[in-house]
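Here are my notes on the model you sent round. Have it open while you read.

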Amino acid sequence: MLSVLALSVLGAITLVFGLIDSLKSVLELVSSHLMPYFLPSEVEPLTKKFGPWAVVTGSTDGIGKQYAAELARRGCNLVLISRNLDKLRAVASEIEKQHSVKTKIVVADFSKGAEVYAHIEEELKDIPLGILVNNVGINYDYPMTVCEVPTSKAWDLINVNIGAVTLMTKLVLPRMVAKGRGAVVNVSSGSELQPLPLMTIYAATKAYVRSLTLALREEYAPKGIYVQHLAPLFVSTKINAFSQRLLDGNLLVPDAGTYARHAVASLGRVNNTTGYWVHGIQYTLVKIAPEWLRTKVGHHLNRQFREEYDQNKVKAE
Ligand SMILES: NC(=O)c1ccc[n+]([C@@H]2O[C@H](COP(=O)([O-])OP(=O)(O)OC[C@H]3O[C@@H](n4cnc5c(N)ncnc54)[C@H](OP(=O)(O)O)[C@@H]3O)[C@@H](O)[C@H]2O)c1
């Protein structure tokens, strides 16, 4: 009798937690994607809320480039960090022509690991940074098993996807804390939702970013720092060059400009978001399935991408 009662109580508690979790997902979806449209955007501009300068890593292409342009549109001066000087100069000049903001460029190849940060620290030391966007990230060239991933690529994934977000945050945060304000946006990926076979290391690095971000927020929110976990699903950028279908884009796979416009609208307003309302709906629906099922579906999807990549390679030869 006692054991039946204990089991019933346990079942009821599990059900309540499950329902709270599902309700939270739906509330997060609604708040992250609708709230920004209802809150007046100009009440407190980003520059006033966080500070006059933003730094964006990986800002010469894709999401980072468009995110930087969107910040400039909102009046933020920009430090652009990326690996290619010519591309940096071109992006900086494009942004300065279109918006009345200042830019500074810093060349850094994050795949080189520890050695790049002293130079970045020196370049940033006199800049009153208010926003750090940890965007830089790389993926495999195409879906493959762990043993197929070249060792150098595995290190690049660790240094770029894990190293940069960690060390850039450590580098920029103390001065934000001293001022009692600042924002850190960590670009993760929908692939942090579950293990992702054939992109195993990539997805694992993004699970790291999620964990880092959520714990960082607990540590630094009381010190006035806003920390956002930004987890896009597919966006049409060259990181997905293995699939023409992804490069072509559609409603589910927006171009980087569309994505960045939505993502920046959520900055300072929502803690955890995919950054784009269609992705928000996808994310919420995907989360309903158990992790083992999501892992199998992810594996299946990546097998299809691999087939597409192999077929296109054969055609090209
Ligand atoms: N696109 C998606 O579907 C998607 C989905 C989920 C999450 N994300 C995440 O979004 C972020 C941006 O991805 P994206 O799609 O915009 O990729 P992308 O188009 O390939 O752009 C990546 C940017 O990072 C720079 N970069 C790459 N390696 C670097 C290095 N070693 N050192 C310095 N800079 C480097 C690139 O420089 P170059 O211009 O020289 O190439 C480029 O500016 C990543 O963190 C990615 O994981 C993307």
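The points below go from the overall fold to the core and then the ligand.

1. Ground rules first: this is a predicted model, where local features need pLDDT of at least 70, side-chain atom pairs count only at pLDDT 80 or more, and totals for chains, interfaces and linings use all residues. Numbering runs from 1 along each chain as its sequence is written.

2. Overall, the protein has 11 helices and seven strands (DSSP runs, H or I of at least four residues for helices and E of at least two for strands, numbered from the N terminus). Its radius of gyration is 21 Å, close to the 20 Å that the globule rule gives for 317 residues, so it is as compact as a globular protein of that length (taken over C-alpha atoms; the rule is 2.2 Å times the number of residues to the power 0.38).

3. On to the core: the largest nonpolar one holds 71 residues, with Val 55 and Leu 78 making the most contacts inside it. Helix H6 (residues 151–179) is its top contributor, giving eight residues. Such a core is a set of buried Ala, Val, Leu, Ile, Met, Phe, Trp, Tyr and Cys residues joined through C-beta atoms within 7 Å; buried means 20 or more other C-beta atoms within 10 Å of a residue's own, placed from the backbone.

4. As for the ligand, 29 residues surround it, and Gly 58, Gly 62, Gly 137, Ser 189 and Thr 237 are the closest (C-beta atom, placed from the backbone, within 6 Å). Helix H3 (residues 62–73) supplies the largest share of that shell, three residues.

Technical notes:
Buried ≥ 20, exposed ≤ 12 C-beta atoms within 10 Å, placed from the backbone.
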